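Student: Could you take me slowly through one part of this model, looking closely at which residues are hidden and which are open, and then show me how that part sits beside the rest of the chain?

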Amino acid sequence: FYILTEFPAGILQGAFFSNDRPRYMNYGAIGFVIGHEITHGFDDQGRQFDKDGNLVDWWAPQTKENYLERAECIIHQYGNYTVEDVGLN
């Protein structure tokens with residue numbers, strides 16, 4: 001199970017990176033972007049489209065079942081974070 005992701009160098013500016021900020025803020029911001037991109041490997045939207053962008057259920061049933069089972073770890077992990085100060089889960 002491999003995840004290949006790219007993001008443009010331009011992401012390393014503005015809200016995500018600045019030489020005027022402490023390094024820990026820049027590291028945290030790019031870590032957020034990388035973490036976000038990694039979770040796309042577990043979404044169930046992209047797998048529903050074929051190479052031409054057509055909405056087609058092209059995966060073998062066992063592959064789909066295995067994928068959805070593995071994706072549950074992300075759903076459970078991120079579905080259990082709560083920010084008490086703002087009442088968000």
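Tutor: In this predicted model, the buried residues of helix α1 are Asn 26, Ala 29, Ile 30, Val 33 and Glu 37. Around the helix axis they cover an arc of only 90 degrees, which puts them on the same side of α1. On the other side of α1 you will find Tyr 24, Tyr 27 and Phe 32, and these three are exposed. The helix itself runs over residues 23-39, and its 17 residues, at 1.5 Å a residue, should span 24 Å, which agrees with the 24 Å that separates its end C-alpha atoms.

Let us now stay with one member of the buried side. Asn 26 has its place in helix α1, and with a relative accessible area of 6% it is buried, because buried means under 20%. If we do not count residues up to four places away in sequence, Asn 26 touches Phe 16, Phe 17, Ser 18 and Arg 21. One of these partners, Arg 21, lies in the segment before α1, and its relative accessible area of 26% makes Arg 21 partly exposed. When the neighbours of Arg 21 within four places in sequence are left aside in turn, Arg 21 is in contact with Gly 14, Ala 15, Phe 16 and Asn 26. Phe 16 therefore appears in both lists, as a residue touched by Asn 26 and as a contact of Arg 21.

With α1 in view, we can turn to the rest of the chain, which has two helices and zero strands. Of the 89 residues in the chain, buried residues make up 15%. The chain exposes about 7400 Å², and carbon and sulfur atoms supply 57% of that area. Among the contacts between residues at least 6 apart in sequence, 36% join residues that are at least 24 apart.

Next come the aromatic rings, for which a search of the whole structure finds three aromatic pairs. In one of them, the rings of Trp 58 and Trp 59 have their centres 6.0 Å apart and their planes at 85 degrees, so this pair is edge-to-face. Trp 59 also forms an aromatic pair with Tyr 67 that is edge-to-face, at 4.8 Å centre to centre and with 80 degrees between the planes. Through these ring pairs, Trp 58, Trp 59 and Tyr 67 are linked into a cluster. As for how open the members of this cluster are, Trp 58 counts as partly exposed at 49% relative accessibility, while Trp 59 counts as buried at 18%, and Tyr 67 is buried as well.

Charged side chains deserve a careful look too. Side chains of opposite charge can pair when their charged atoms come close. In this model the count comes to one salt bridge, and it is formed by Lys 64 with Asp 57, whose closest N and O atoms are 3.7 Å apart. That distance qualifies because the cut-off for a salt bridge is within 4 Å. Of the two partners, Lys 64 is partly exposed, with a relative accessible area of 28%, whereas Asp 57 is exposed, with a relative accessible area of 54%.

Finally, consider a residue that can be set beside the buried Asn 26. Leu 88 is found in the segment after α2, the helix of residues 61-78, and at 52% relative accessibility Leu 88 counts as exposed. Even so, Leu 88 has partners beyond its neighbours within four places in sequence, for Leu 88 is in contact with Tyr 81, Thr 82 and Val 83.

Definitions and conventions:
Residues numbered from 1 in each chain as written. Predicted model: local features only at pLDDT ≥ 70, side-chain atom pairs only at ≥ 80, totals over all residues. Heavy atoms only, no water. Helix = DSSP H or I, 4+ residues; strand = E, 2+ residues; numbered from the N terminus. Expected span 1.5 Å × (residues − 1). Buried < 20%, exposed > 50% of the residue type's maximum accessible area, 1.4 Å probe, protein only. Arc of directions from axis to C-beta. Contact = heavy atoms within 4.5 Å. Areas by Shrake-Rupley, 256 points an atom, 1.4 Å probe, with all protein chains shown as cover. Salt bridge = Lys/Arg side-chain N within 4 Å of Asp/Glu carboxyl O. Phe/Tyr/Trp six-rings, centres within 6.5 Å; stacked < 30°, edge-to-face > 60°.
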